[in-house]
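Visitor: Could you take me through one interface here in detail? I'd like a close look at where two of the chains meet.

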Amino acid sequence: MTEEKKPEERKKRKTATEAASKIGPIVKATIGGTVRAREEGKPIAYSFICCCYDEIIRTMDIVPVWTENYAGVCGAKRDAQRFLERAEAENFSRSLCTYALCGLGFDAWREELGEMPPESPWGGQARPDMMLGSGQILCDPRNKWFQAAQRYMPDVPVYDVGLPWPPYEDDYDYREVQGYYVKYIVEELKGLVQFLEKHTGRKMDWDRLSELVDLADRTWNLIWETYELRRAVPTPMGTGDAMNTMVPIVFMMGTQEAYDFFKELNDELKHKIANKEGVIPDEKYRLIWGGGLPSWFALTDFNYFNSKGAVFPVETTYRMVEAIYNFDIDLSKITDPLEHIAWRWVKFWTYWYDRAKKRPGSHPDVERLIQYIEDYKIDGIVMHEAFSCRSWHVGLIWQLNLLKKVYRDIPSLILESDIVDISSYNEADTKARIDAFIDTLEAVKSKGR
Amino acid sequence: MSQYFAGIDLGSTMTKAVIMNQTVLASVIGPTGPEHRKLANQVMEEALVKANLPFADITYVVATGYGRINVPFADKQITEISCHARGVSYLLPEARTVIDIGGQDSKGIKLKDGRAVDFVMNDKCAAGTGRFLEVTAEGLGVKLEDMGKLSLTAKNAVRISNTCTVFATQEVVAKLAEGAPLPDIIAGLHEAIAARVYSMVGRLKIEREVALTGGGAKNIGLVKALETRLGYPVLVPPEPLLTGAIGAALLGKDIVREAVEKGEALLRSERRLTEATFFT
Amino acid sequence: MPEEAAGRGLAAADRYYQDYGSRARELKRQGKKILGYLCAFVPVEIITAAGFVPFRIKGDVNEPITKADTEMETIVCPLVRSCFDISLKGNYEFLDGIVIPHACDSICRTYDVWKYSLHLPYSHFINMPHGTGKPSLDFYQAVLGTFRTSLSRFAGREISDRELTQAIKLYNQNRAKVRELYGLRKASPPLISGTEVARVLIAAMSIPVEESIKMLGDVIEEVRQRGGVPARKSARIMVVGAQVDSVAFIELIENSGAWVVADDLCPGAREFFSDVTVTADPIEGIAERYLRKVKCGRTYREMKGNYEEYLEDRFGHMSRMIEDFKVDGVVLYIYKYCDPFGFEVPQIKSYIESKGTPVLYLEDEYSMSTIGRLRTRIQAFLELLGSK
């Protein structure tokens, strides 16, 4: 994902770290692996990121096809349009999640042809043996997409894992309800294991699962510690790179490779910090990417920010971990792997609740932003509104308003485009907005505020 | 004793009128302005002159198109979908799918036994309509009528990523400045329209033969771009702007015949042509 | 009693529809507390049992969305945006609280925006699960338990099982009345128009359940006595969609020369054709109805059997309605930015078509300015049906 393949433009996106530049080949090899897995008869499951089943499917040697990833790859290669158009021809509205439209369009086409569509990016998206969705607040497409895909693959079974987390409310503390949330998740994960056993003919190795859960815990801690290194001034790594290093976090969790990757990245960042090596030599503005999935076809915009002296030491997007040892319970005492996963899930999503209760009128999402702004010495905040994703891009305006109300008036920028659908993207307009924002940052800086 | 039928297609860009008995006797095409009623009368009068007939001889008048409610002397208003379906079935009986690309809208119609059985329309968004070419042509400083011709001389069509007409115009102007050859850009624009139209009509599960009508059918570059998309040739009637009006007249004929067969009274408009002109 | 002022039956419905919220305002002046809610998935039985008046928040197709954009993104479902916009503009200033269910992303992701913008004394999010298996049902019962506790805290008193059972019976009565009303649409021509039914059901969203039962009863009597509407129309149409809280769209179809005789809408058949079973623990019956009996795209029904059987499970009720009400054509009316229904469009359309009924799929943006553009498509569809 570090290269765009357009004949008219040979723009290669620069990464600040060695580690990030290795990601493109890793993803390509992984996707190629899934296509081979089909040929080798290994069980393949369409999967969504951050749905608690990473360790479970890895333990059972099931090969995940991350459909969101494949759509992102098509988007980054600027070759998603034909799949979006095919989905539209199937009567899906263009206002739906464009990851789903890309995937559904691809599946419809592949099933019609009986083989991969011509020149499918990186070999294509392998036909699955099962599809794993999820229910609850993560997003609607997670329980509708694969159900819709069954129209083209009526023989492929679907399992939806219910994954709720307690809402943030004023009149009760989440701890009053966390018990039944955990109970539900555990039942759902049990159901998932039964489903996988049935459709693969394999048995769950519970000891091995415990090992992978422990590995994931250690990986979480390592990732958190590594990203915290970016607090340094100048920052050694920006959000542009993080959009690469998210791959081990969300597509490889529970594997030794993911842990090793972050070990390497950790070493690299420490080395850079020791030599005061920043993303750019003259760091003028430190920004937080406060929300929104990136435009996969426009990651070079991060380089544009860099060219104006702006860096992104921190982001909320894809930072799907906290340090386990910072939770208010000792997770190591929970030895049953499914319970462990469930508690880790609930504690992650409620992590900022206590802090929000301490500041009148605040909210956990805003507390997270405030913490990062303080820790990473942030001058301004950028949000990205991707039009097709209601799940992660609704509430960003409100977060900015609330942030300014309960904390301080901080310069902010909202970019508008989409994750995969390039027809929504206007390069000239985007650059103009960035330029105007830089002017604002400069004005604020020179006023010494 | 010959019966005569009239069809008026008041589109957003062009107004068309035909008078028929067994064949088309007269046809008129003119630009639609803001004064729909006046214009409807005008083209009707012109057609009558061409056919050498008084209005009283017209047995039935059907109005269609965007402005069909503004034809007070029409006996019935029928949508462009039904009219295009009827018109194409008459002109090109082998057609099973109709693609109509107009100045401000585009549509797809599925035909079975000479009638529409399914349809899709785009009238929300300029992309996929003549308007897209009009605006981008202006942006490039090219005459609209030359766009199709020029696109055929392209070596490598440029991929246009923006479907929004305004953004696309910015995009092509920028590409021209960067040195992309003009024909390549224009070819890319035609491909962009073809892509939009193709995915819209794709909802109907396209069946051959495919007929192309409307102003878009007169653009040779667009015809080619669509044929490339489809992978086979399309049929274009001799005068692609008239299919709606012809279909309207024929539907009028069908209504009259049905009324006679069933022994029912024929419901006609009370206002006649001369009265209408008095009010406008 | 309100009827002296409002008239009865259809006249009352008309008054409550035109001045939506007028009854709630009256009740507020009399000292009642009004709880606003979005979406038919909020268990109004619990709200009523607690002594509050549930009030369904609706949008306004005639009001351009302006204020909402300062807090809420434009990619949110246009109906939710409209509801929020007119709430900000003060249309529902009588609300004491708001209850929002986990219906869809547009609704659950905006909960905080509603809460923080309206500053009402009470707000609660009901975290309804998506699945319908036993663990989901158990979870949902616990969620409803949390709601009950929270609401009783706000009410300052316990909500007894007896009160819940009483409320359940009332709402079941209400639903039975609606089903009786729908029965009048089976006739040819139907005894009551789709526009009138829509107006009545929408009006009913804004008044207490006892008054709704009375109003519906009056309407049924009135319609039986007046003996049918004389107009001659071509086709019998069924509208399938999410929430349609204005008569504008139904009226558009009926003004184009058809009857709207059936629906899978909300308010509509989806909301009223299944009852709560009265159980020893009333929460059980409530949970069962809302999670399993109501068939809506937001709920994920697990597949049992093969794919064809799956489609029957999810959409079979639509094809039965088409038969019962002698429907000629279906209009699938879905808002832009609607995920739960948007993903289902291809399956619903092809399912109904496979049973032999033509389907017109319309994507709309909710407001009057876009509804007008649908006229041509509807007319074309009716012409298509007429030529069969």
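Guide: Here's a walk through the contact between chain A and chain C, with a short look at chain B at the end. Keep in mind that this is a predicted model.

Start with the area: chain A and chain C bury about 4,900 Å² between them, and 54% of that is on carbon and sulfur atoms. On the chain A side, the top three contributors are Asp140(A), Lys144(A) and Arg390(A), which supply 14% of the area that chain A buries against chain C. Counting residues, 60 from chain A are in contact with 60 from chain C.

Now for the polar side of things. There are five salt bridges between chain A and chain C. In one salt bridge, Arg153(C) pairs with Asp171(A), at 3.7 Å from N to O. You also get 37 residue pairs in polar contact across this interface, both partners at pLDDT 80 or more. Among the chain A elements giving two or more residues to this side are helix H6 (98-113), helix H7 (141-149), helix H8 (178-200) and strand S7 (380-386). By residue type, the chain A side splits into 31 nonpolar, 15 polar and 14 charged.

And chain B? Chain C meets it with 15 residues, against 17 from chain B, and the area buried there is about 1,300 Å², with carbon and sulfur atoms giving 48%. The rule finds one salt bridge across that interface: Lys349(C) with Asp118(B), whose closest N and O atoms are 3.7 Å apart. Helix H19 (374-386) of chain C is one of the elements involved, and H19(C) gives the most to that side, with seven residues.

Key
Residues numbered from 1 in each chain as written. Chains lettered and ligands numbered in written order. Predicted model: local features only at pLDDT ≥ 70, side-chain atom pairs only at ≥ 80, totals over all residues. Heavy atoms only, no water. Contact = heavy atoms within 4.5 Å. Buried area = accessible area lost by both parts, 1.4 Å probe. Salt bridge = Lys/Arg side-chain N within 4 Å of Asp/Glu carboxyl O. Polar contact = N/O pair within 3.5 Å; in protein donor to acceptor, adjacent residues only side chain to side chain. Helix = DSSP H or I, 4+ residues; strand = E, 2+ residues; numbered from the N terminus. Nonpolar A, V, L, I, M, F, W, Y, C, P; charged D, E, K, R; others polar.
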